[in-house]
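Subject: Structure for you, with notes on its helix packing

Hi there,

Here is the structure I promised to pass on. Please have it open while you read, as my notes follow below.

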Amino acid sequence: MTTIPPQAASNTSLSQPVVFYPGTLCDERVFMPCWRDIDIPKRAFVPLQWAESLEHMLALSRDRLDYFDEPAHLVGFSMGGYVAALSALEQPQKVASLTLIGSYPGPFAEQERQARKNIIQTIRNKKYQGMSDSRLKQFVSALDNTKVVDTIKAMETDLGPAVLAAQMGALSEREDLTTRLGKAKFTIHFLVGEHDKIAPPSKISALSANIANSQLKIIANAGHMLPLEQPNVLAQYFAENFS
C-alpha cells in the first residue's frame, strides 16, 4: 500500500486505448483536468448520464469497447467503477486492465439503499433541492477548493435530478462483484483518496488485500472527488502503469 503525494504533471503519451466511466451526476468534466495532463490518442468516454438502466449503461460500454481492435484499460470513477468492473467481467478479452477510482464493487449497505430510495422519492415528488453543503463535504477534502466545488455543482445543475434518480435506481440493488473480480486474469488498480468518505481507504485496502492480481494506491490530499482534486497524480499513475 502506497500513499502518493501530489507531483508534477506527466507529458507521456499512452499508446493503448483507455475507456473512461464517470460517477453519479458526472460527465466528461470529471476527467478533463486529468486528460489535459496526459496525451491519450485512443481515448473513449462512456456517457453513463445518458442511460436509464444498468443494461443501458452496459450497452454504452460495449459500444465504446468496440471502438478498438485491441484490449483497453478501463477506468471507472465511483458509480462508473462498478459499471467498468461489470463490463470487464462481461468481456475480459477486451480488457488490458481495470482501474477503480473511489469505487467499491460490492452491494450497498441497507442504510445507503434506504437513503437512495428516499432521494429518488424526493425527486419524484419534485421536492429535491440539490446537494447540501453537508453532503458536499462528504465528497471533497476541502470546501475551499472552489474550482473543484464549482465543477461538481455545474455538473449537478446541468445533468439534473432526473439523471440522478435514474442512476440511483439503476444501481441501488446490485450484484456483489468482489468474488468474481478476485478470479479475474486482468490487473485491477484500486485508487482512493486518503480522505474519501464514500469509499473509505480502509474498505478499499481490505478488498485489495483479498485480490491477488491487484494494486492499491492511496492518494494524499484527496477525498472522493479524486479525479478533480488530484488530476496530475492520476495522470502520472496512468503514465506509469498503462504504458
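A good place to start is a pair of helices: L54, M57, L58, S61 and R62 on helix 2 are in contact with M79, V83, L86, S87 and E90 on helix 3. Sorted by class, the residues of this contact comprise 6 nonpolar, 2 polar and 2 charged ones. Do keep in mind throughout that this is a predicted model.

As for the geometry, helix 2 spans residues 54-65 and helix 3 spans residues 79-90, and the two pack at an angle of about 65° with their axes 10 Å apart. That angle makes helix 2 roughly perpendicular to helix 3. The crossing of the two is right-handed.

What joins E90 and R62 at this contact? Their side chains form a salt bridge, with an N to O distance of 2.9 Å. Because E90 belongs to helix 3 and R62 to helix 2, the pair ties together parts that lie 28 residues apart in sequence. Across the whole structure, the search turns up 11 salt bridges.

The second pair I looked at is helix 4 (residues 110-124) with helix 6 (residues 146-171). Here the axes come within 9 Å and cross at roughly 145°. This crossing is left-handed, whereas that of helix 2 and helix 3 is right-handed. From helix 4, the contact draws on R116, I119, I120 and I123, and from helix 6 on P161, L164, A165, M168 and G169. By class, that contact has 7 nonpolar residues, 1 polar and 1 charged.

One item comes from a record. In UniProt, an unreviewed entry carries the annotation "domain: Serine aminopeptidase S33" over residues 69-230. Within residues 69-230 the model is 46% helix and 16% strand, and the C-alpha atoms at the two ends of that stretch are 31 Å apart.

If you only have a minute, I would look at the E90 and R62 salt bridge between helix 3 and helix 2, and then at the left-handed crossing of helix 4 and helix 6.

Happy to talk it over whenever suits you.

Best wishes

Definitions and conventions. Residues numbered from 1 in each chain as written. Predicted model: local features only at pLDDT ≥ 70, side-chain atom pairs only at ≥ 80, totals over all residues. Heavy atoms only, no water. Axes fitted to C-alpha atoms, helices over the stretch in contact; angles between N-to-C directions. Helix = DSSP H or I, 4+ residues; strand = E, 2+ residues; numbered from the N terminus. Parallel < 35°, antiparallel > 145°, perpendicular 65-115°, else oblique. Left-handed = near helix turned anticlockwise from the far one by under 90°. Contact = heavy atoms within 4.5 Å. Nonpolar A, V, L, I, M, F, W, Y, C, P; charged D, E, K, R; others polar. UniProt positions renumbered as here; feature names shortened; annotations may be inferred. Salt bridge = Lys/Arg side-chain N within 4 Å of Asp/Glu carboxyl O.
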